[in-house]
Amino acid sequence: MASFEFSHKGLQAWVNEVADLCRPESVVVYGDSREEYNFLCEQLVSAGTFKRLSSSLRPGSFIANSDPADTARVEEKTFICSQKAVDAGPTNNWIDPNVMKARLEPLFRGSMRGRTMYVVPFLMGPEGSPFSRIGVELTDSAYVVLNMSIIARTGAQAMNALGTDSDFVRCLHSCGRKANSGDSGAQTWPCDPERMAIAHFPEERLVWSYGSGYGGNALLNKKCFALRVASCIARDEGWLAEHMMILSITNPQGRKKYFTGAFPSSCGKTNLAMLKSSFPGWEVKTVGDDIAWMHFGADGRLYAINPEAGFFGVAPNTSVKSNPNAMRALACNTIFTNCALTPDGDVWWEGIGREAPDGTLDWREQRRSKPDRECGDAAASSAQAPLSHPNARFTSPAANCPSMDEEWENPNGVPISAILFGGRRSTTIPLVCEARNWTHGVFIGANLSSETTAAAAGQVGRLRRDPFAMFPFCGYNIGDYFSHWLSLGQNPAHVLPRIYQVNWFRKNPQGQYLWPGYSDNMRVLKWIFERCDNEHKVVETPLGGLPEKEAIDTKGLSISAENLGDLLTVRKEDLQTEISSIRIHLQRLGGRVPASLFRELATMEEKYSGL
Ligand code: GTP
Ligand code: SPV
Ligand code: MN
């Protein structure tokens, strides 16, 4: 049992308290040395949770398959337990904090029996940055520890930051065990999906997660801390914690700008952040692929840091063609979850760009042979059960990624020139449009929408409004969140980034994408870059300013004039539906939605009537 002495009294007290409750067999502090990392990998190989991949094809890498009932974030079982229900607001499941604790305590009681409890201090953000924050996760999952050590800064960097008295966010995690599963703790993927709960106590800077070992449910540094709890801290302190990628773009004259972009889960952040430009002289580099913490600096500009140190990226459709930088990042020292395993010890997924060899094991460890082994787009082979799970993921260190920007760990962050909002919209939303001003940009963010994806459990392809891509991640009342964004725009000292809406996913009536996407998104980034320098005219529409057709550089692109026309057309009949859908959405979000967003809706309607 806990025989550890921490010089940090608060940490000591909390570790003792949790060990008393969860009754682990031992308590181990994870220090992030090579030896500790390898030891845990070996342990997971012995337990059957990990399989080591071929050391020549995929050195230092492992594959894990989760329980089929534990493959994605579970939004219905995610709670914001603020003191008052109204502070959690309409987008969150709320339960009184005392009620939630009384419900979860019996589940945590003895939940770590027969297991080790790992103490994992972690730092979110670059070492020495005034914007970085500390957390400690207590977990009974070695799989979680290893993933955390890749996507967050664990070990000495975190310990040093913690010191003897620094504040930290408390993250308690137990996989639990299914009722009647015995006490052996020997399952390869322990979990308790029936009783799973991911509970946030924002006022206490505390997270309790029980019953899942997967992704954002269990790697508590990521969505739980860096978005849900951090969004509350950011509101209190006047900054922003956002579900945004961060990239840099350099033009042929060597001038560089940084953009952030909010896209809902599995809607293209990682791919955009790692975009490989095909335009001579233009270059894109990566700062972050999922989360941005942003602060206004002394010069009035908005600066962003990436609080993470690695990627937990969507595997399906990642290929040398679609995302060569990600393929390099996952070439070694990577953990793959719910991918398929080839007979020669490599990973495979739909859309990897080559055929699956005969005898490939699918993510449920079933051996598969023709005609399942089709190569192609994940969606195209949906007639067969896919070999990889649609939310299969790779966990890779940023240090592996050849496109990291030289400033990606700048403690002060990088200055942001433009903010992008995008989602999967098969109709209505054009390839790109520009917000008229900050308030209109906040209106665009507030109404962001997408067809749902496999990143969260539930139906895929259903249109939902996902404000700022934060619907599942904003830790407080979304109306207050909109007000927070609006208020930052009212400070005359602030030099505001421009705001854009983009849509790579518009389809023709046959269901085919109109836009090639991926590296060709560069053509849109280039237009935005030039707009930030006041180049080009825009065509005013009720949605915002569209590019003139010839302003999008299509050199070397084989796209029909008709398709490009469709991508840059705002249809009156589509707008009518969009306006009523936005009205329902904003009304449903309730009384705290700022009046200025309804005024923006009225303006949109006026412009629509004038068409
Ligand atoms: P999370 O990690 O869940 O937050 O996802 P993300 O926003 O980082 O999305 P990601 O870049 O991983 O892309 C998700 C899926 O969309 C992958 O299967 C991509 O191949 C696909 N995708 C990304 N960009 C594009 C694009 O421009 N066009 C098309 N058609 N698909 C894309
Ligand atoms: C997302 O769903 O937005 C992700 C994956 O980035 S997870 O970490 O599981 O939340
Ligand atoms: Mn994400």
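This report walks through the two ligand sites of the model, then a salt bridge, a hairpin and two backbone oddities.

First, some ground rules: this is a predicted model, so local features need pLDDT of at least 70, side-chain atom pairs count only at pLDDT 80 or more, and totals for chains, interfaces and linings use all residues. Residues are numbered from 1 along each chain as its sequence is written, chains are lettered from A and ligands numbered from 1 in the order in which they are written, and side-chain values use heavy atoms, with hydrogens and water left out.

**Ligand 2**

Let's start with ligand 2. A residue counts as near a molecule if one of its heavy atoms lies within 4 Å of it. On that basis, the residues around ligand 2 are Arg 73, Gly 215, Gly 216, Lys 222, Lys 223, His 243, Ser 265, Asp 290, Phe 312, Arg 393, Ala 455 and Phe 473. Sorted by class, that shell holds three nonpolar, four polar and five charged residues. (Ala, Val, Leu, Ile, Met, Phe, Trp, Tyr, Cys and Pro count as nonpolar, Asp, Glu, Lys and Arg as charged, and the others, Gly among them, as polar.)

Polar contacts turn up here too; the term means a pair of N or O atoms within 3.5 Å, and within protein one must be able to donate a hydrogen and the other to accept it, while residues adjacent in sequence count only if both atoms are side-chain atoms. The table lists such contacts for both ligands.

| Residue | Atom in the residue | Partner | Distance |
|---|---|---|---|
| Arg 73 | polar side-chain atom | oxygen atom of ligand 2 | 2.9 Å |
| His 243 | polar side-chain atom | oxygen atom of ligand 2 | 3.3 Å |
| Ser 265 | polar side-chain atom | oxygen atom of ligand 2 | 2.5 Å |
| Thr 270 | backbone N or O atom | oxygen atom of ligand 1 | 2.8 Å |
| Tyr 518 | polar side-chain atom | oxygen atom of ligand 1 | 2.6 Å |
| Asn 521 | polar side-chain atom | oxygen atom of ligand 1 | 3.0 Å |

On its own, ligand 1 has 660 Å² of accessible area, and the protein covers 95% of that. Ligand 2 has 280 Å² on its own, of which the protein covers 98%. Both areas come from the Shrake-Rupley method with a 1.4 Å probe; for residues, only the protein chains shown count as cover.

Where does ligand 2 lie? Domain 1 (9-30 + 69-237) and domain 3 (242-306 + 408-609) both give residues to its shell, so ligand 2 lies between them. The domain bounds come from an automatic or database domain assignment.

**Ligand 1**

Ligand 1 has 22 residues around it, and Ser 266, Lys 269, Asn 271, Arg 393 and Tyr 518 come nearest. By class, its shell has nine nonpolar, nine polar and four charged residues. Helix 9 (269-273) and strand 18 (310-314) each supply at least two of the shell residues, with helix 9 giving the largest share, three residues. Helices (H or I, at least four residues) and strands (E, at least two) are DSSP runs, numbered from the N terminus. Domain 2 (51-64 + 311-400) and domain 3 (242-306 + 408-609) both contribute to this shell, so ligand 1 sits between them.

**Away from the ligands**

Counting a salt bridge as a side-chain nitrogen of Lys or Arg within 4 Å of a carboxyl oxygen of Asp or Glu, the total is 37. One of them joins Lys 178 and Asp 67 at 2.5 Å, N to O. The two are 111 residues apart: Lys 178 is in the loop between strand 9 (169-174) and strand 10 (197-201), and Asp 67 in the loop between strand 3 (62-64) and strand 4 (78-80).

Next, the hairpin. Strand 30 (residues 538-541) and strand 31 (residues 544-547) pair in the antiparallel sense over four bridges; pairing takes at least two bridges found by DSSP. Two residues link the strands in the hairpin, and Glu 540 stands opposite Gly 545 in strand 31.

Finally, the backbone. Asn 317, in the loop between strand 18 and helix 10 (324-329), has a positive phi of about 70 degrees although it is not a glycine. Asn 534, in the loop between helix 13 (522-532) and strand 30, has a positive phi near 65 degrees.
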